[in-house]
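Student: I would like a close look at a single part of this model, taken slowly and set against its surroundings. Could you walk me through an aromatic cluster and the elements around it?

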Amino acid sequence: MLSLDSNETHQDEETTSENESDDYPRIPIHMDEPKEWTYTMRRHMQEVIPGLYLGPYSAASRSKLQSLLEHGITHIVCVRQDIEANFIKPNFPDKFKYLVLNIADTATENIIQHFQKVKTFIDDGLNSGGQVLVHGNAGISRSAALVLAYVMETYGLSQTRAYAMVQQRRFCINPNEGFMVQLKEYEPIYQAQKTLRNGQQSSVKQRSKRTIHQMDTERTEERCDEMDS
């Protein structure tokens, strides 16, 4: 299991503290609790944060409909490559909402382009009261990278911290080297995007305040004009 040295842990604690002040949600306590792991568990999905599951295609196969329903799954991210489309596919389009992504498990594949789309899809599922499963073929590389990016951006975490936390829930995750590089590159990207969004929201609020002030001033001026007349 991936371990963090004391310096990295201290830095991440500081980062988490700062991020909490920036309106990031608190990290679920159970994410830091190691989950006892056995080899056979890799064939099943695990809940990595409340409502978000990560697992292999076998967790979403035609024989697992009852299990998906019992877990309350409503949304599924299905990750596959073109050559896998014949055996990795949405099996229950009438039961669940699917996001199907064409991603190869190679170090040169551009996976970062999918991060925002996946985050929007997961957020829509969770915000509607649903549960979301993200799967590829084995639930180890591609799907794990997508979940890591989501956890990073949602909780304001570094790649290292997010990896350690998700691995506590699904020990077998192992995104390829290219995906890990892109996850590292994603840190300043999502942070800059959040800063930009916060700046835009602040600007809108300021404009709204100015508009209200202008309306009050205009009303006052109108009343003064009426009294003068």
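**The aromatic cluster and its surroundings**

Tutor: Phe-115, Tyr-186 and Tyr-190 come together as one aromatic cluster. Please keep in mind that this is a predicted model.

Let us begin with one pair inside that cluster. Phe-115 and Tyr-186 meet edge-to-face, with 4.9 Å from centre to centre and 70 degrees between the planes. Phe-115 belongs to helix H3 and Tyr-186 to helix H6 (residues 177-228), so the pair ties together parts that are 71 residues apart in sequence. Both Phe-115 and Tyr-186 are buried.

Now follow Phe-115 into its helix. H3 covers residues 115-127, and its 13 residues should span 18 Å at 1.5 Å a residue; the end C-alpha atoms are 18 Å apart, which agrees. Which residues of H3 are buried? They are Phe-115, Val-118, Lys-119, Phe-121, Ile-122 and Gly-125. These residues cover an arc of only 165 degrees around the axis, which puts them on the same side of H3. The spacing has a simple background: an α-helix has 3.6 residues a turn, so residues three or four places apart point the same way. After H3 comes Gly-129, with a positive phi near 85 degrees.

On the other side of the pair is H6, which also holds Ile-189. Is Ile-189 buried or partly exposed? With a relative accessible area of 35%, Ile-189 is partly exposed. In space, Ile-189 and Glu-153 are 9.5 Å apart, C-alpha to C-alpha, while 36 residues separate them in sequence. A charge and a ring also meet in this structure: the charged end of Lys-194 sits over the ring of Tyr-24, 4.7 Å from the ring centre.

The structure holds 3 aromatic pairs. Another of them joins Phe-92 and Phe-96, whose ring centres are 5.9 Å apart and whose planes lie at 85 degrees, so this pair is edge-to-face. Phe-92 and Phe-96 are both buried.

From here, let us turn to the strands. E5 (residues 131-135) pairs with E2 in the parallel sense over 4 bridges, and Tyr-53 has Leu-133 as its bridge partner in E5. E5 is also joined to E3, again in parallel, by 5 bridges; here Ile-73 has Gln-131 as its bridge partner in E5. E3 (residues 73-80) is mostly covered, with 6 of its 8 residues buried. E3 runs parallel to E4 (residues 97-102) as well, and 6 bridges join the two, with Lys-97 in E4 as the bridge partner of His-75.

E2 (residues 52-55) deserves a look of its own. Leu-52 and Leu-54 point one way from this strand, Tyr-53 and Gly-55 point the other way, and all are buried. E2 is also joined by 3 bridges to E1 (residues 46-49), and these two run antiparallel. Tyr-53 is the bridge partner of Glu-47 in that pairing. The hairpin of E1 and E2 has 2 residues between the strands, and Gly-51 takes a positive phi near 90 degrees there.

Leu-54 leads us on to Ile-140, which sits in the loop between E5 and helix H4 (142-155). The two are 86 residues apart in sequence, yet 8.8 Å apart in space from C-alpha to C-alpha. Ile-140 has a relative accessible area of 17% and is buried. Leaving aside residues up to four places away in sequence, Ile-140 touches Arg-42, Cys-172, Ile-173, Asn-174 and Pro-175.

One more helix belongs in the picture. Why can H5 (residues 159-169) be called largely enclosed by the rest of the structure? Because 10 of its 11 residues are buried; among them are Tyr-163, Met-165 and Val-166.

Finally, step back to the whole chain. It has 6 helices and 5 strands, and along the sequence they follow the pattern α-β-β-α-β-β-α-β-α-α-α. Of the 229 residues, 42% count as buried. Among contacts in the chain with a separation of 6 or more, 69% come from residues 24 or more positions apart. The pair of Phe-115 and Tyr-186, which ties together parts 71 residues apart in sequence, is a good place to return to when you look at the model again.

Key
Residues numbered from 1 in each chain as written. Predicted model: local features only at pLDDT ≥ 70, side-chain atom pairs only at ≥ 80, totals over all residues. Heavy atoms only, no water. Buried < 20%, exposed > 50% of the residue type's maximum accessible area, 1.4 Å probe, protein only. Expected span 1.5 Å × (residues − 1). Arc of directions from axis to C-beta. Pairing = 2+ DSSP bridges. Contact = heavy atoms within 4.5 Å. Phe/Tyr/Trp six-rings, centres within 6.5 Å; stacked < 30°, edge-to-face > 60°. Lys NZ or Arg CZ within 6 Å of the ring centre and 35° of its normal.
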